[in-house]
Amino acid sequence: MSNLKTRDITQLALIAALYVAITIAPGISAFSYGAVQFRVSEILMLLPFFNHKYSWSLIIGCLISNIFSAQLGMYDIVLGTLATAVACLIITRIPAKNSLLWTVPVVCAVVNGIIVGAELHFVLKLPFWLNLVTVGFGELVVVAIGAVIFYFLMKNQNFSKLIR
(Lines give C-alpha, C1' and ligand atoms only; values in the text may rest on other atoms or scores of the structure.)
Protein backbone atom coordinates (compact mmCIF):
# COMPACT_ATOMS: atom_id res chain seq x y z
CA MET A 1 0.00 0.00 0.00
CA SER A 2 2.95 2.34 0.60
CA ASN A 3 3.98 2.16 -3.07
CA LEU A 4 0.80 3.85 -4.27
CA LYS A 5 1.23 6.72 -6.67
CA THR A 6 -1.14 9.65 -7.14
CA ARG A 7 -2.62 7.85 -10.14
CA ASP A 8 -3.32 4.75 -8.03
CA ILE A 9 -4.98 6.76 -5.27
CA THR A 10 -7.11 8.55 -7.86
CA GLN A 11 -8.18 5.22 -9.39
CA LEU A 12 -9.03 3.79 -5.98
CA ALA A 13 -11.08 6.85 -5.06
CA LEU A 14 -12.94 6.72 -8.38
CA ILE A 15 -13.78 3.03 -7.95
CA ALA A 16 -15.01 3.64 -4.37
CA ALA A 17 -17.12 6.57 -5.59
CA LEU A 18 -18.48 4.49 -8.47
CA TYR A 19 -19.45 1.71 -6.05
CA VAL A 20 -21.32 4.21 -3.86
CA ALA A 21 -22.99 5.98 -6.80
CA ILE A 22 -24.27 2.73 -8.31
CA THR A 23 -25.44 1.38 -4.95
CA ILE A 24 -27.46 4.42 -3.91
CA ALA A 25 -28.64 5.49 -7.39
CA PRO A 26 -32.39 6.15 -7.58
CA GLY A 27 -34.20 3.12 -8.96
CA ILE A 28 -31.27 0.82 -8.19
CA SER A 29 -30.99 1.44 -4.44
CA ALA A 30 -34.26 -0.41 -3.79
CA PHE A 31 -32.43 -3.62 -4.77
CA SER A 32 -29.20 -2.79 -2.91
CA TYR A 33 -30.42 -3.45 0.63
CA GLY A 34 -32.60 -6.00 2.39
CA ALA A 35 -33.36 -9.70 2.14
CA VAL A 36 -33.52 -9.79 -1.66
CA GLN A 37 -30.45 -8.02 -2.98
CA PHE A 38 -29.24 -7.40 -6.48
CA ARG A 39 -26.55 -4.83 -5.64
CA VAL A 40 -25.35 -3.94 -9.14
CA SER A 41 -22.20 -2.30 -7.75
CA GLU A 42 -21.02 -5.76 -6.69
CA ILE A 43 -19.91 -6.29 -10.29
CA LEU A 44 -16.86 -4.32 -9.18
CA MET A 45 -15.95 -7.20 -6.84
CA LEU A 46 -14.15 -8.70 -9.84
CA LEU A 47 -11.51 -5.95 -9.75
CA PRO A 48 -9.46 -7.44 -6.84
CA PHE A 49 -9.13 -10.62 -8.91
CA PHE A 50 -7.06 -8.64 -11.41
CA ASN A 51 -5.36 -6.23 -9.00
CA HIS A 52 -5.43 -6.55 -5.23
CA LYS A 53 -5.28 -2.80 -4.66
CA TYR A 54 -8.95 -2.47 -5.63
CA SER A 55 -9.96 -4.26 -2.43
CA TRP A 56 -9.55 -0.97 -0.59
CA SER A 57 -11.89 0.80 -3.00
CA LEU A 58 -14.58 -1.81 -2.54
CA ILE A 59 -14.31 -1.95 1.24
CA ILE A 60 -14.51 1.84 1.55
CA GLY A 61 -17.26 2.06 -1.10
CA CYS A 62 -19.28 -0.61 0.69
CA LEU A 63 -18.82 1.09 4.06
CA ILE A 64 -20.04 4.43 2.68
CA SER A 65 -22.93 2.76 0.83
CA ASN A 66 -24.04 0.94 3.95
CA ILE A 67 -24.39 4.25 5.78
CA PHE A 68 -27.52 4.63 3.63
CA SER A 69 -28.98 1.31 4.80
CA ALA A 70 -32.20 2.47 6.45
CA GLN A 71 -33.28 -0.85 7.97
CA LEU A 72 -29.97 -2.18 9.22
CA GLY A 73 -27.99 0.95 10.08
CA MET A 74 -24.82 0.34 12.07
CA TYR A 75 -25.15 -3.44 11.70
CA ASP A 76 -24.87 -3.11 7.92
CA ILE A 77 -22.00 -0.65 8.19
CA VAL A 78 -20.03 -3.16 10.25
CA LEU A 79 -21.21 -6.57 9.03
CA GLY A 80 -21.89 -5.67 5.40
CA THR A 81 -18.46 -4.09 5.16
CA LEU A 82 -16.96 -7.14 6.87
CA ALA A 83 -18.56 -9.36 4.21
CA THR A 84 -16.93 -7.28 1.47
CA ALA A 85 -13.56 -7.36 3.25
CA VAL A 86 -13.67 -11.15 3.69
CA ALA A 87 -14.72 -11.67 0.06
CA CYS A 88 -11.92 -9.38 -1.13
CA LEU A 89 -9.39 -11.25 1.00
CA ILE A 90 -10.43 -14.59 -0.48
CA ILE A 91 -10.57 -13.20 -4.04
CA THR A 92 -7.02 -11.86 -3.76
CA ARG A 93 -5.87 -15.40 -2.93
CA ILE A 94 -7.21 -16.79 -6.22
CA PRO A 95 -4.55 -16.89 -8.98
CA ALA A 96 -5.48 -14.35 -11.68
CA LYS A 97 -6.08 -16.74 -14.54
CA ASN A 98 -9.09 -16.29 -16.81
CA SER A 99 -10.17 -19.87 -16.14
CA LEU A 100 -10.49 -19.02 -12.42
CA LEU A 101 -12.48 -15.81 -12.98
CA TRP A 102 -15.66 -17.85 -12.55
CA THR A 103 -14.80 -18.64 -8.92
CA VAL A 104 -15.28 -14.97 -7.93
CA PRO A 105 -19.11 -15.03 -8.17
CA VAL A 106 -19.19 -18.17 -6.02
CA VAL A 107 -16.93 -16.63 -3.37
CA CYS A 108 -19.05 -13.46 -3.26
CA ALA A 109 -22.30 -15.43 -3.07
CA VAL A 110 -21.14 -17.70 -0.25
CA VAL A 111 -19.51 -14.96 1.87
CA ASN A 112 -22.37 -12.48 1.49
CA GLY A 113 -24.99 -15.19 1.83
CA ILE A 114 -23.55 -16.27 5.17
CA ILE A 115 -22.60 -12.91 6.70
CA VAL A 116 -25.43 -10.74 5.38
CA GLY A 117 -27.85 -13.64 5.80
CA ALA A 118 -26.89 -13.89 9.48
CA GLU A 119 -27.14 -10.10 9.84
CA LEU A 120 -30.70 -10.11 8.46
CA HIS A 121 -31.57 -13.04 10.70
CA PHE A 122 -30.33 -11.47 13.93
CA VAL A 123 -31.41 -7.88 13.23
CA LEU A 124 -34.68 -8.30 11.33
CA LYS A 125 -35.54 -11.80 12.63
CA LEU A 126 -35.82 -13.18 9.08
CA PRO A 127 -35.15 -16.91 8.52
CA PHE A 128 -31.38 -17.45 8.16
CA TRP A 129 -31.51 -20.13 5.45
CA LEU A 130 -33.90 -18.09 3.35
CA ASN A 131 -31.63 -15.04 3.73
CA LEU A 132 -28.59 -17.09 2.81
CA VAL A 133 -30.30 -18.24 -0.38
CA THR A 134 -31.82 -14.91 -1.44
CA VAL A 135 -28.75 -12.78 -0.69
CA GLY A 136 -26.40 -15.44 -2.08
CA PHE A 137 -28.46 -15.88 -5.24
CA GLY A 138 -28.65 -12.14 -5.91
CA GLU A 139 -24.90 -11.84 -5.39
CA LEU A 140 -24.21 -14.84 -7.63
CA VAL A 141 -26.34 -13.44 -10.47
CA VAL A 142 -24.87 -9.93 -10.35
CA VAL A 143 -21.23 -11.00 -10.06
CA ALA A 144 -21.66 -13.75 -12.69
CA ILE A 145 -23.00 -11.16 -15.14
CA GLY A 146 -19.99 -9.04 -14.20
CA ALA A 147 -17.66 -11.99 -14.82
CA VAL A 148 -19.00 -12.36 -18.35
CA ILE A 149 -18.53 -8.62 -18.95
CA PHE A 150 -15.00 -8.63 -17.51
CA TYR A 151 -14.09 -11.77 -19.43
CA PHE A 152 -14.65 -9.91 -22.69
CA LEU A 153 -13.33 -6.55 -21.49
CA MET A 154 -10.03 -8.13 -20.43
CA LYS A 155 -9.47 -9.24 -24.03
CA ASN A 156 -9.00 -5.55 -24.85
CA GLN A 157 -5.34 -4.76 -24.16
CA ASN A 158 -6.00 -1.13 -23.22
CA PHE A 159 -8.65 -2.07 -20.66
CA SER A 160 -6.53 -4.91 -19.32
CA LYS A 161 -3.53 -2.61 -18.91
CA LEU A 162 -5.68 0.00 -17.14
CA ILE A 163 -7.08 -2.54 -14.64
CA ARG A 164 -3.88 -4.42 -13.90
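Ile64 is found in helix α3, and in this predicted model the residue counts as partly exposed, because its relative accessible area of 34% falls between the 20% limit for buried and the 50% limit for exposed. Ile64 also belongs to a nonpolar surface patch of about 620 Å², which is made by Ile24, Trp56, Ile60, Leu63, Ile64, Ile67 and Phe68. If you look for where that patch sits along the chain, helix α3, residues 54-66, supplies its largest share, namely four residues.

One of the patch residues, Leu63, leads us on to helix α4, since Leu63 is among the residues touched by Thr81. Thr81 lies in helix α4, which runs over residues 73-91, and with 8% relative accessibility it counts as buried, because the cut-off is under 20%. Leaving aside residues up to four places away in sequence, Thr81 touches Ile59, Cys62, Leu63, Asn66 and Asp76. Its side chain, in addition, reaches the backbone oxygen of Ile77 at 2.5 Å.

Let me turn to charged pairs. How many salt bridges does the structure hold? There is one, and in it the side chains of Asp8 and Lys53 meet at 2.8 Å, N to O. This pair links distant parts of the chain, with Asp8 in helix α1, residues 6-24, and Lys53 in the loop between α2 and α3, 45 residues apart. Are these two residues buried or exposed? Asp8 is buried, and Lys53 is buried as well. As general background, side chains of opposite charge can pair when their charged atoms come close.

Next comes helix α6, where a check on geometry is possible. The helix has 26 residues, 128-153, and should span 38 Å at 1.5 Å a residue; its end C-alpha atoms are 36 Å apart, so the two values agree. The buried residues of α6 include Asn131, Thr134, Glu139, Val142 and Phe150, and also the glycines Gly136, Gly138 and Gly146. As for what they pack against, the buried residues of α6 meet α2 (47-50), α5 (103-124) and α7 (157-163).

Finally, I would draw your attention to Lys125, whose place is in the loop between α5 and α6. The phi of Lys125 is near 60 degrees, which is a positive value in a residue other than glycine. Lys125 counts as exposed, because its relative accessibility of 64% is over the 50% limit.

Methods:
Residues numbered from 1 in each chain as written. Predicted model: local features only at pLDDT ≥ 70, side-chain atom pairs only at ≥ 80, totals over all residues. Heavy atoms only, no water. Helix = DSSP H or I, 4+ residues; strand = E, 2+ residues; numbered from the N terminus. Expected span 1.5 Å × (residues − 1). Buried < 20%, exposed > 50% of the residue type's maximum accessible area, 1.4 Å probe, protein only. Contact = heavy atoms within 4.5 Å. Polar contact = N/O pair within 3.5 Å; in protein donor to acceptor, adjacent residues only side chain to side chain. Patch = residues over 30% accessible without salt bridge, like charges linked within 9 Å, V, L, I, M, F, W, Y side chains within 5 Å. Areas by Shrake-Rupley, 256 points an atom, 1.4 Å probe, with all protein chains shown as cover. Salt bridge = Lys/Arg side-chain N within 4 Å of Asp/Glu carboxyl O.
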